[in-house]
Amino acid sequence: MVNFHVLTLFPEMVMQGLHTSILGRAVERQHISIEAVNIRDYTTDKHGKVDDYTYGGGAGMLMQAQPVYDAWLSVAERTASKARVIYVTPQGQTFHQEMAKEFAKEEDLIFLCGHYEGIDERVLEEIVTDYVSIGDYVLTGGELPAMVMIDAVARLVPGVLHNDESAATESFHNDLLEYPQYSRPEVWRDKRVPEILLSGNHAKVDEWRLAQSIERTRQRRPDLYEKWETRHFQQEFTQ
Ligand code: ADE
């Protein structure tokens, strides 16, 4: 069970996006929980303001420290231990599958979504434990990156996926991409399903799939292939 808490100015975006399909089912079955906390609900400003101009000048508005801190407190008070606070920002480390695995072991995860030109540095220093980006491009806010990470983490939580296999054999497992797959019919637009897959010989099928994974990774992701190759030959050497 992982409890996801999202601090955001757009709670409906997060809740709608994460309550459909597999994650919706996982919430219903209580494998995970997802709550969106509206930062605006915590502002002490009587007009509901959460942003202001930046000291020193410059374009755009900044989210102020007070509402962010109080929204965080409202969650932190309810979580058992000191929960990790992930600030989604292009200035963070790039998210990857290993990080998703680490996060899936936590009981509570708090995602902080920024908007406008960012968040007052002082509150970040006070509460953030992890600065994480989803890639080297800039989005308008942190909600989509938070949703991407929550999806990737949630599917690793035991019980969320039906078939326990699928988390183990997929792309990035062992630094390799997944092999090609085929379903019915046997012939489609003159293209046949590879003969070996119809043979019923499981050992041969496994061998073929591994070879396909290796070749696909070499062609499409030479960077990953290099990593796999180094690790593979090191293992052979030490055996
Ligand atoms: N906020 C804006 N762009 C982002 C990105 N690429 N990753 C994480 N958070 C972001």
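Here is a walk through the ligand site of this structure, its surrounding pocket, and two backbone oddities elsewhere. Keep in mind that we're looking at a predicted model.

Let's start with the pocket. The largest pocket has a volume of about 510 Å³. Of the 26 residues lining the largest pocket, Tyr 87, Val 88, Thr 89, Pro 90 and Gly 118 come closest to its centre. If you'd rather think in elements, those giving two or more residues to the lining are β5, α5 (121-127), β7 and α6 (143-154). β5 takes the largest share of that lining, with five residues. As for chemistry, the lining of the largest pocket breaks down into 14 nonpolar, 10 polar and two charged residues.

So where does the ligand go? The ligand sits in this largest pocket. Color the residues around the ligand and you'll light up Val 88, Thr 89 and Pro 90, then Val 132, Ser 133, Ile 134 and Gly 135, and finally Tyr 137, Val 138, Leu 139, Gly 141 and Pro 145. Two strands, β5 (84-94) and β7 (130-133), each put at least two residues into this shell. β5 gives the most here, with three residues. What classes of residue make up the shell around the ligand? Eight are nonpolar, four are polar, and none is charged.

Now zoom in on the ligand's nitrogen atoms, taking the contacts one residue at a time. At Tyr 137, a polar backbone atom is 2.7 Å from a nitrogen atom of the ligand. Ile 134 also brings in its backbone, with an N or O atom lying 3.0 Å from a ligand nitrogen. Ser 133 uses its side chain instead: a polar atom there lies 3.5 Å from a nitrogen atom of the ligand. How much of the ligand's accessible area does the protein cover? On its own the ligand has 260 Å² of accessible area, and the protein covers 96% of that.

Before you leave, there are two spots in the backbone to check. One is the peptide bond from Arg 184 to Pro 185, which is cis, with omega near 5°. You'll find Pro 185 in the loop between α7 (164-169) and β8 (187-188). The other is Ser 21, which has a positive phi of about 55° even though it isn't a glycine. Ser 21 belongs to helix α2, which covers residues 21-28.

To pull the ligand site together: the ligand sits in the largest pocket, β5 is the top contributor to its shell, and the protein covers 96% of the area the ligand has on its own.

Key: Residues are numbered from 1 along each chain as its sequence is written. This is a predicted model: local features need pLDDT of at least 70, side-chain atom pairs count only at pLDDT 80 or more; totals for chains, interfaces and linings use all residues. Side-chain values use heavy atoms; hydrogens and water are left out. A residue is near a molecule or strand if one of its heavy atoms lies within 4 Å of it. A polar contact is a pair of N or O atoms within 3.5 Å; within protein, one must be able to donate a hydrogen and the other to accept it, and residues adjacent in sequence count only if both atoms are side-chain atoms. Accessible areas come from the Shrake-Rupley method with a 1.4 Å probe; for residues, only the protein chains shown count as cover. On a 1 Å grid over the protein atoms alone, a cavity is a set of points where a 1.4 Å probe fits but cannot get out, and a pocket is an open set with protein on both sides within 12 Å along at least five of seven lines; lining residues have an atom within 4 Å of a point. A molecule sits in a cavity or pocket if more than half of its atoms lie within 2 Å of its grid points. Helices (H or I, at least four residues) and strands (E, at least two) are DSSP runs, numbered from the N terminus. Ala, Val, Leu, Ile, Met, Phe, Trp, Tyr, Cys and Pro count as nonpolar, Asp, Glu, Lys and Arg as charged, and the others, Gly among them, as polar. Grid points are joined across faces, edges and corners, and a volume is the space filled by probe spheres set on the points.
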